[in-house]
Amino acid sequence: MIIQVPASSANLGPGFDSIGIAVSLYLKLEVLGPSDNWQVDHQLGKLPHDETNMIVTTALSVAPDLPPQHLQVVSEIPVAHGLGSSSSAIVAGIELANQLKDLNLSKEEKVEIASQIEGHPDNVAPAILGGLVVGTHINGHFSAVEAPLFPYAFAAYIPPYNLKTADARAALPYQLEYSQAVHASAVANTFVASLFAKNYDVAFKLMEADRFHEPYRKELVPELDQIRELGKKHGALATYLSGAGPTVMTVIDNDDYGLFEQAVHAAGLKGKVVRLHPDVEGVKLI
Ligand SMILES: Nc1ncnc2c1ncn2[C@@H]1O[C@H](COP(=O)(O)OP(=O)(O)OP(=O)(O)O)[C@@H](O)[C@H]1O
Ligand SMILES: N[C@@H](CCO)C(=O)O
């Protein structure tokens, strides 16, 4: 059995902790069979190979009596780069428990469990449902609503350095002044309305108008402003910090992708540029 989970890009500008989209990089988890101890084969650097691996801790939190397995993980999702690697591990762990224990979890139950673990639904909900998702929690429970997908591709600029979400969250202010919070929220509300109305002239302006996190994180990711400027010169629709960074995501028409990628490399930026597309299926067995 192989479980496949897509990467995800959270926030999309002003949708801090609430909006995310599944994108076409994948984690594949293969169950090789029962084992004396949990064993996780992977080539993802320093991540654990035993029962402390996040995929296993998640599976055991869902099904504590799950017998140990020999697992193999192959992932295209770079760790701690703002493309939802931790969410892909959490969603894979939930699906592992779901399949091996025949739990028949609904999509809503998976979103609830995964969001409780991650703390916010913006990566886990699209990784489960596919597509573009808006969600939050109220009274300790999570709701996620699927939004219409925009018909564009992404150019993901993936820097050579990583940035842990915890460090990128530590750069955020403890509180916002009331008037600033009202404006930040108005930008986000209008952004969501424009996505549902498919009014992309407004949506892509607002995607670059976040007031919740990008102003505080751009010191950590200096390429954000640089790529946004390059995007404006080379036909991009909008650029935002993917999740907690450091990946910088540019929404672009497929036809404009090539020239934009060349411009990023010509500017001397050292990261990779990868063409991505929305994933519409979310977690699945392959
Ligand atoms: N494939 C994996 N298997 C097990 N654990 C993983 C895997 N990928 C990521 N993790 C865990 O998630 C941590 C990285 O999470 P972090 O939130 O910092 O980055 P991210 O999820 O890639 O970024 P973002 O949430 O901004 O998209 C790793 O240190 C590791 O503990
Ligand atoms: N919304 C989260 C995504 C990363 O977990 C953040 O920006 O910190």
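This is a short dialogue on the two ligand shells and some backbone features of a predicted model.

Student: What should be known about the model and its numbering?
Tutor: The model is predicted, local features need pLDDT of at least 70, side-chain atom pairs count only at pLDDT 80 or more, and totals for chains, interfaces and linings use all residues. Residues are numbered from 1 along each chain as its sequence is written, with chains lettered from A and ligands numbered from 1 in the order in which they are written.

Student: Why is Asp 17 called partly exposed?
Tutor: A residue is buried if 20 or more other C-beta atoms, placed from the backbone, lie within 10 Å of its own, exposed if 12 or fewer, and partly exposed in between. Asp 17 has 19 other C-beta atoms within 10 Å, so it is partly exposed. Asp 17 belongs to strand β2 (residues 15-34), and its phi is positive, near 65 degrees, in a residue other than glycine.

Student: What makes Lys 198 exposed?
Tutor: Lys 198 counts as exposed because it has 12 C-beta neighbours inside 10 Å. Lys 198 sits in the loop between α6 (178-197) and α7 (200-206); helices (H or I, at least four residues) and strands (E, at least two) are DSSP runs numbered from the N terminus. Its phi is also positive, about 55 degrees, although Lys 198 is not a glycine.

Student: How do you know that ligand 1 lies between two domains?
Tutor: Domain 1 (2-148 + 280-285) and domain 2 (153-276) both give residues to its shell, so ligand 1 lies between them. The domain bounds come from an automatic or database domain assignment.

Student: Which residues come nearest to ligand 1?
Tutor: Of the 24 residues around ligand 1, the nearest are Ser 85, Ser 86, Thr 165, Gly 243 and Ala 244. A residue is near a molecule if its C-beta atom, placed from the backbone, lies within 6 Å of it.

Student: What makes up the shell around ligand 2 by residue class?
Tutor: That shell has four nonpolar, six polar and three charged residues. Ala, Val, Leu, Ile, Met, Phe, Trp, Tyr, Cys and Pro count as nonpolar, Asp, Glu, Lys and Arg as charged, and the others, Gly among them, as polar. α5 gives the most to the shell around ligand 2, with three residues.

Student: Which peptide bond is cis?
Tutor: The bond from Gly 245 to Pro 246 is cis, with omega near 10 degrees. Pro 246 is in the loop between β8 (238-241) and β9 (248-252).
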